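These are my notebook entries on one chain. I set down each point as I looked it up.

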Amino acid sequence: MATTVFEGSSADNIELAKQFWKAIDPVSDIRSSLEHLNISQKLNTAPEPKLNITYAHNLPPEDKVANEHLERARQGDEEEKLQARKEALKRRKRALDRLHRRIKERQQLEQKSLNNVHDTTTLPTNSDNLPNESDLNEINAAMNEIRHFEEDHDLIDEFNDDLSD
């Protein structure tokens, strides 16, 4: 607590000032504590090692059997990963082969449809130039093939995205 000097004040004012300052800054003699006198606050420590061996600085001798087993396990894991990667690559190759086959089929269909395109600038003079029902069926089949191609292409894109993850 700071010392306060009252000069030129009456004794009553000095006493009132002392009471005021004590009320504002009380002396705290009582403090709470989490410690209990009857309970030991210190944790027990581990006993000293009987053989005085610590593995932190002295590594245990190598176990050849365990090392061989670990090496075989590592090789097995690597072989499994390699086999899984080969399978994924085979699936990707099959998907790409299907994609290339569908591209060729689509190109053939496009070429076929281009060969069947009529000149639209001239008006047909007779009914022979109008597409007949077999032509319409062929056009519908070609459009269905194109739709199937696009669906296959979307599936392959999804498959490639799965592989990249």
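How many residues does helix α2 have, and how far does it reach from its first C-alpha to its last? I find 52 residues, running from 64 to 115, and a reach of 76 Å. That is close to the 76 Å expected at 1.5 Å a residue. I note at the outset that the model is predicted.

**Entry: overall make-up**

I looked up the secondary structure and found three helices and zero strands in the chain. Read from the N terminus, the order of elements is α-α-α. I then turned to burial: of the 165 residues in the chain, 7% are buried. The exposed surface comes to about 15,800 Å², and 53% of that area is supplied by carbon and sulfur atoms. For contacts with a separation of 6 or more, I recorded that 71% involve residues 24 or more positions apart.

**Entry: the buried residues of α2**

Which residues of α2 are buried? I list Ala88, Ala95, Leu99, Arg102 and Leu109. The arginine in this list called for a separate look. Arginine 102 has a relative accessible area of 14%, and it counts as buried because the cut-off is under 20%. I also checked leucine 96, which has its place in helix α2. Leucine 96 is partly exposed, at a relative accessible area of 25%. Its C-alpha atom is separated by 9.6 Å from that of histidine 153, although the two residues are 57 apart along the chain.

**Entry: salt bridges between helices**

My search of the whole structure gave eight salt bridges. Side chains of opposite charge can pair when their charged atoms come close. I began with the one that involves the buried arginine. The side chains of glutamate 145 and arginine 102 meet in a salt bridge, at 3.6 Å from N to O. Glutamate 145 belongs to helix α3 (residues 133–164) and arginine 102 to helix α2, so this pair ties together parts that are 43 residues apart in sequence.

Are the two partners buried or partly exposed? Arginine 102 is buried, as noted above, whereas glutamate 145 is partly exposed, with a relative accessible area of 33%. I followed the connections further and found a network of salt bridges that links Arg101, Arg102, Glu105 and Glu145.

**Entry: salt bridges within α2**

I next examined two pairs inside helix α2. Arginine 74 and glutamate 71 form a salt bridge between their side chains, at 3.4 Å from N to O. Both residues lie in helix α2, three residues apart, about one turn of the helix. Arginine 74 is partly exposed, with a relative accessible area of 46%, and glutamate 71 is also partly exposed, at 37%.

How far apart are the closest N and O atoms of arginine 106 and glutamate 110? I read 3.2 Å for this salt bridge. The two residues are separated by about one helical turn, because they are four residues apart in helix α2. Arginine 106 has a relative accessible area of 24% and is partly exposed. Glutamate 110, at 36%, is partly exposed as well.

**Entry: the aromatic pair in α1**

I then moved to helix α1, which spans residues 11–24 and holds tryptophan 21. A pair of aromatic rings is described by the distance of the centres and the angle of the planes. My count came to one aromatic pair. Phenylalanine 20 and tryptophan 21 form this pair, with 5.2 Å centre to centre and 70° between the planes. I therefore class the arrangement as edge-to-face, since the angle exceeds the cut-off of over 60 degrees.

How accessible are the two partners of the pair? Phenylalanine 20 is partly exposed, with a relative accessible area of 47%. Tryptophan 21, with 41%, is partly exposed too.

**Entry: the nonpolar patch**

Which residues make the nonpolar surface patch of about 320 Å²? I recorded Phe20, Trp21 and Ile24. The patch thus includes Phe20 and Trp21, the partners of the aromatic pair.

How values were computed. Residues numbered from 1 in each chain as written. Predicted model: local features only at pLDDT ≥ 70, side-chain atom pairs only at ≥ 80, totals over all residues. Heavy atoms only, no water. Expected span 1.5 Å × (residues − 1). Buried < 20%, exposed > 50% of the residue type's maximum accessible area, 1.4 Å probe, protein only. Patch = residues over 30% accessible without salt bridge, like charges linked within 9 Å, V, L, I, M, F, W, Y side chains within 5 Å. Areas by Shrake-Rupley, 256 points an atom, 1.4 Å probe, with all protein chains shown as cover. Salt bridge = Lys/Arg side-chain N within 4 Å of Asp/Glu carboxyl O. Phe/Tyr/Trp six-rings, centres within 6.5 Å; stacked < 30°, edge-to-face > 60°. Contact = heavy atoms within 4.5 Å.
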